[in-house]
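User: I am new to this structure. Please pick one part and take me through it closely, with some context from the rest.

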Number of protein chains: 2
Amino acid sequence: MFTLPGKESGTPTTCAGPASTQDLGSSYGDCLEGECSRKPDQKLPELHGVGDPVMFSDSSYLSSRGRMIKWFWDSAEEGYRTYHMDEYDEVKNPSLTQSDMQWVEPSLLQYADWRGHLFLREEVAKFLSFYCKSPAPLKPENVVVLNGCASLFSALATVLCEVGEAFLIPTPYYGAITQHVYLYGNVRLAYVYLDSEVTGTDTRPFQLTVKKLEMALQEANSKGVKVKGLILINPQNPLGDVYSLGELQEYLVFAKRHQLHVVVDEVYMLSVFEESVGYRSILSLERLPDPQRTHVMWATSKDFGMSGLRFGTLYTENQDVATAVASLCRYHGLSGLVQYQMAQLLRDRDWINQVYLPENHARLKAAHAYVSKELRALGIPFLSGGAGFFIWVDLRKYLPEATFEEEMLLWRRFLDKKVLLSFGKAFECKEPGWFRFVFSDKAHRLRLGMQRVRQVLEGEAQVAEDPAPCKTQELSDQRR
Amino acid sequence: MFTLPGKESGTPTTCAGPASTQDLGSSYGDCLEGECSRKPDQKLPELHGVGDPVMFSDSSYLSSRGRMIKWFWDSAEEGYRTYHMDEYDEVKNPSLTQSDMQWVEPSLLQYADWRGHLFLREEVAKFLSFYCKSPAPLKPENVVVLNGCASLFSALATVLCEVGEAFLIPTPYYGAITQHVYLYGNVRLAYVYLDSEVTGTDTRPFQLTVKKLEMALQEANSKGVKVKGLILINPQNPLGDVYSLGELQEYLVFAKRHQLHVVVDEVYMLSVFEESVGYRSILSLERLPDPQRTHVMWATSKDFGMSGLRFGTLYTENQDVATAVASLCRYHGLSGLVQYQMAQLLRDRDWINQVYLPENHARLKAAHAYVSKELRALGIPFLSGGAGFFIWVDLRKYLPEATFEEEMLLWRRFLDKKVLLSFGKAFECKEPGWFRFVFSDKAHRLRLGMQRVRQVLEGEAQVAEDPAPCKTQELSDQRR
């Protein structure tokens, strides 16, 4: 009989893994690894430690997988943590008595805290405090950095949900999230279908309301799908829209009422090029209704145009969630070299404020104005809220029939003319015929692109006869 | 009714995800996402495309999850691929007629091929061809780069195995692999228990034989555990041992006989500091018995001492596996900046051959010699095969009882003296009392460490009375 390392013990080096993972899940039957290859005449060890549900029951916020993942973090690295807390150095710490928790300065080329180097998390906390306009300074211990928001969706889905559970998400939405929560996490999305019709209390097309959230939640429940959270993208992709402060509050209160986690993707936070839209980060709220279930993500892919750099960050006050995500960061790790570079970038507040953002916003605004003007000249309705890199364009009148097959055919005609657009089905838009036009490009390239768009649309022989009356209009005109 | 994009269509931009993932798995019942939140009076769409098993049946090498993951790659990015194959450039390609597949030069800060930039994969192929002594040049298309071997274990487990299936692995082994295949992949390990007794046809302690493999496989099968592959670590961690050419051949033939994948972790490939051990990379074989089921991993963490850089690579001739792993590289992505730096490093063959490796091997050899001498002076048996950073040390005689509790207590006494070792249970060693000593450190630090080790061992009041006779000896003496 043996006891596996529990809370008070663990694995001593970075190279040594956990002692064992027998019966990590409850759903895998009786034949556990470790047992399976043991000869029948061998005495079976009793299974303490990893298999004991008591060990995993210390957080009501995590899924069973999440608790197991967090357990690995909590228990499996005591030795290594002990070493780093009081690291031997012939000059600085020869007697090994220094025990300042902050004295951790591992080289950028060595294994480090999987949450990210402290110097970087400090910069991220300062950066988000400033740009999200948080009422109080944000804290480095609530920050986990990793290689992009795709990874963060994957990690959050896995640590918050059981296999087969779901997040609510309003459609249309950035469709890759489907893969991000499913491929590794086996978590599904339950859609809150929005459409362009302005009915009831709606004041604009594709408006998300608590009533629609409640209905989608009820619908999922009635089908036996357990919903664990709500995903909000703000600024919204593909609508180019932002949620008002009042709306955000309502969604958060809805989520709290049902004990749902809220994952807020603010990856276009600094790409609000019309100040008048009044964008508010969730981190700017004076008081979050349910801070332990509110998790924010941001990255440099969009706001700094560096999708190939692979940098994203989580901000959450929930230490169980932060720890479980950090545990998965073994698989989403960011090079120490990149962490250093990122810290250098984020602390350069003068350049960001005085050079980069003004120039970036001016260019986005000009590009947006140009494409908007072209669309108006073509008589094409569109939505656009002054944020993001895209315009949500209504090409329904160019579909001979209102089907997604026709939408795809039109998309292909654009592609044949070497114009790459995104069709609405990719965002799970329920109305065929919507397209996302990305405008964050150079002026002469946009001109060429719009010429080709015009060629395709003017070449459309068959135009739908009398499509449903289009109620959409420019959102920016309507909202203030 | 709508048809989701099939093989011939897809999602047009990097920002647009797949059209849908309804019914991605077959095991999630009837309530599919998309349906779940649809109102009862809405007509349910027929589910073509993603849910159609025919679409996923194009590779017998992949798990159902692996086929689904590969499908996303194959089908979901037609537009983006089309764009990159003939990318508009005002100077180089204004008329958009250039269609050379190789003309892909995206900036390091943009989304790129998730397999890794071609320039890096070319360097990796050349590098591995040279250092693995491959009979023919290795090919860039068989290379996938990502942020470390932990991620690679996670991805391979997921694309090769169904949930709950298993890999065979000989123990003792680098214990973190347990997490790597389980946390995301839900894949288990079936142990091939090795021990220090030299019996039967064994010629050395902890020897892996085909007979032991067969028995472990049979045992797993009899328990209803489906085994999909075999994991080999070569040079071995923690034994510091290498497999001979004959042994490798035997293991591969065994795997082929049972249609098992073989995942070979060669992460200590360049850390063989005794040339006489005759290390052979699996890629040096004239002919692999089952090349479509043989997958090799290497990284810079160990051989270049850069665990914080986060660079690892897969080499496999199986394009289905390479593609499915690449699809998961959305979550294991490597910064373009680091990719560039890695390519620069790997191509600097002169420095690696003439400066780095000779110096590194000389230091490893000297450190190994010192710790070996100290252990001998203490009368402590150990194994060491001239490869890796560690010595596998037999401290069984210091345990009052042969239990893992006592092993843990001894480990803690080392830690109390500020010496961080790895205990055998972390490697699933079946005999309590083995420890892994890492010697890859500076001479004066090793001296201090060994002084403390001596203090702990001399201070052990209670020594086991007459432990089982220790048959282990220095492996390096025995093997040639």
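Analyst: Helices here are DSSP runs of H or I with at least four residues, strands are E runs of at least two, and both are numbered from the N terminus. The model is predicted, so local features need pLDDT of at least 70 and side-chain atom pairs 80 or more, while totals for chains, interfaces and linings use all residues. Residues count from 1 along each chain as its sequence is written, with chains lettered from A and ligands numbered from 1 in the order written.

Start with the setting. Chain A has 14 helices and 11 strands. Of its 480 residues, 54% are buried (20 or more other C-beta atoms, placed from the backbone, within 10 Å of the residue's own; exposed means 12 or fewer, partly exposed in between). Take contacts in chain A (C-beta atoms, placed from the backbone, within 7 Å) between residues at least 6 apart in sequence: 73% join residues at least 24 apart.

Now the part itself: helix H12 of chain A, residues 404-416. Its 13 residues should span 18 Å at 1.5 Å a residue (1.5 Å times one less than the number of residues). The end C-alpha atoms of H12(A) are 18 Å apart, which agrees.

Which residues of H12(A) are buried? They are Phe404(A), Glu407(A), Met408(A), Leu410(A), Trp411(A) and Phe414(A). These cover an arc of only 160° around the axis (taken from the directions from the helix axis to the C-beta atoms), so they sit on the same side of H12(A). An α-helix has 3.6 residues a turn, so residues three or four places apart point the same way.

What covers that buried set? Strand E10 (422-423) and helix H13 (443-459) of chain A are among the covering elements. Just after H12(A), Lys418(A) has a positive phi of about 65°.

Helix H6 of chain A, residues 210-222, offers a second case. H6(A) has 13 residues, an expected span of 18 Å and end C-alpha atoms 18 Å apart, which agrees. Leu213(A), Ala216(A), Leu217(A), Glu219(A) and Ala220(A) are buried in H6(A). Their arc is only 160°, which puts them on the same side of H6(A). The face turned away from that buried side carries exposed Lys211(A), Gln218(A) and Ser222(A). Cover for the buried residues of H6(A) includes strands E2 (166-171), E3 (188-193) and E4 (227-233), and helix H7 (245-257), of chain A. Just after H6(A), Gly224(A) takes a positive phi of about 85°.

Methods. Contact = placed C-beta atoms within 7 Å.
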